[in-house]
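Please look over the sequence and the model below before you begin, and try each exercise by yourself before you read its solution.

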Amino acid sequence: SKDVEIKEITKKLCSDYAHSILEIKDPAHETLRNTILDISTLFSWAEGRGYTDFNPFYRLKLPLGRKKVQERIPWTDEDILRFLTSEFVGRNDFIATAIALYTGMRIDEICMLKYKDIYDDLFHIYEGKTEAARRVVPVHSVLKNLVSSNESDDEEYILKGLVSGGYDTKRSSNFQKRQGKIRKKLDLPKGVVFHSLRNTVINKLHNNMIPLYIVEQIVGHKQKSVAFGVYSSGLAVQHLREIINGISYGSSIDNLIMNYKIS
């Protein structure tokens, strides 16, 4: 395709663009709608500045796309044990799940973690889905053995040997598919997915009476009142450590993870 002047962009071109996104990326309908709304906002600005006569994305009829995404269900202790003790679960599967259980980190964030990103007993997350994803999360005492670098190169990823894939060549792409296959073999409920480990952690924090703005800080949700870095030093970090170490799944799960032998 060739470059087109902004004034030459028609509804037909916009519709073709929306269909191409659906064909290449196969997003959920809500994701496609939000993408087009973002572009429409830009064109509304351009229209107001006189760069174009009208906004061709305004009220654009969108292709239906995928059906509504399956509702995510928090993992039960039984689900966690069945997964972590399965013969199908390897080193990377175990470590990624364990980190998610005590941090609420996204799968992309975990797959991008390097040993050098863990220091001062903190996970340092430098980029992610949103600006709010930039944060620090204390290393839970249960996880210290799993994420210890020992003799590993600091530039090594925590999850080793992942092959990037997908249209955006993410390290998490093929790994996420593998996780799905394991859950299917174990016959876990459809709504129990890797991302719902975040729901599991959020539920734990809510049950521990942790204020919403702190929960948002921990899991990297956008927040209006608390800036990134508020937990960057001194007693504030210590307070956050106490909150994280208050997360527990009972002795069976906590001890299973704490005593995991890394091969």
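The exercises below go from the whole chain to helix contacts, the core and single residues.

The model is predicted, so that local features need pLDDT of at least 70, side-chain atom pairs count only at pLDDT 80 or more, and totals for chains, interfaces and linings use all residues. Residues are numbered from 1 along each chain as its sequence is written, and side-chain values use heavy atoms, with hydrogens and water left out.

**Exercise 1.** Describe the secondary structure of the protein chain and state what share of its residues count as buried.

Solution. Begin with the elements, where helices (H or I, at least four residues) and strands (E, at least two) are DSSP runs numbered from the N terminus. The chain has 11 helices and 3 strands, and their order from the N terminus is α-α-α-α-α-β-β-β-α-α-α-α-α-α. Next, turn to burial, which means under 20% relative accessible area, while exposed means over 50% and partly exposed lies in between (1.4 Å probe, protein chains only). Of the 263 residues, 43% count as buried.

**Exercise 2.** Work out how helix α3 is oriented against α11 and against α4.

Solution. Axes are lines fitted to C-alpha atoms, for helices over the stretch in contact, and angles run from 0 to 180 degrees between N-to-C directions. The axes of α3 (residues 77-84) and α11 (residues 251-258) come within 10 Å and cross at roughly 30 degrees. Angles under 35 degrees count as roughly parallel, over 145 as roughly antiparallel, 65 to 115 as roughly perpendicular and the rest as oblique, and α3 and α11 are therefore roughly parallel to each other. Here D77, I80, L81 and L84 of α3 meet S252, I253, L256 and I257 of α11, where contact means heavy atoms within 4.5 Å. These residues divide into 6 nonpolar, 1 polar and 1 charged; Ala, Val, Leu, Ile, Met, Phe, Trp, Tyr, Cys and Pro count as nonpolar, Asp, Glu, Lys and Arg as charged, and the others, Gly among them, as polar.

For the other pair, the axes of α3 and α4 also come within 10 Å, but cross at roughly 155 degrees. That makes α3 roughly antiparallel to α4. I80, F83 and L84 of α3 make this contact with D93, F94, T97 and L101 of α4.

**Exercise 3.** Find the largest nonpolar core and the helix that gives the largest share of it.

Solution. A nonpolar core is a set of buried Ala, Val, Leu, Ile, Met, Phe, Trp, Tyr and Cys residues joined through side-chain atoms within 4.5 Å. The largest one has 54 residues, and those with the most contacts inside it are I99, Y102, F123, L146, L159, I218 and I257. Its largest share, 8 residues, comes from helix α4 (residues 91-103). A second, separate core of 11 residues includes C14, A18, L32 and F57. To follow one member of the largest core, take Y102, whose partners beyond four places away in sequence include H140, Y249 and I257.

**Exercise 4.** Decide whether D187 and M209 are buried or exposed, and say where each lies.

Solution. D187 lies in the loop between α7 (172-185) and α8 (196-207), and at 62% relative accessibility D187 counts as exposed. M209 is in the loop between α8 and α9, and at 70% relative accessibility M209 counts as exposed as well. Although neither is a glycine, D187 has a positive phi of about 60 degrees, and M209 has a positive phi of about 65 degrees.
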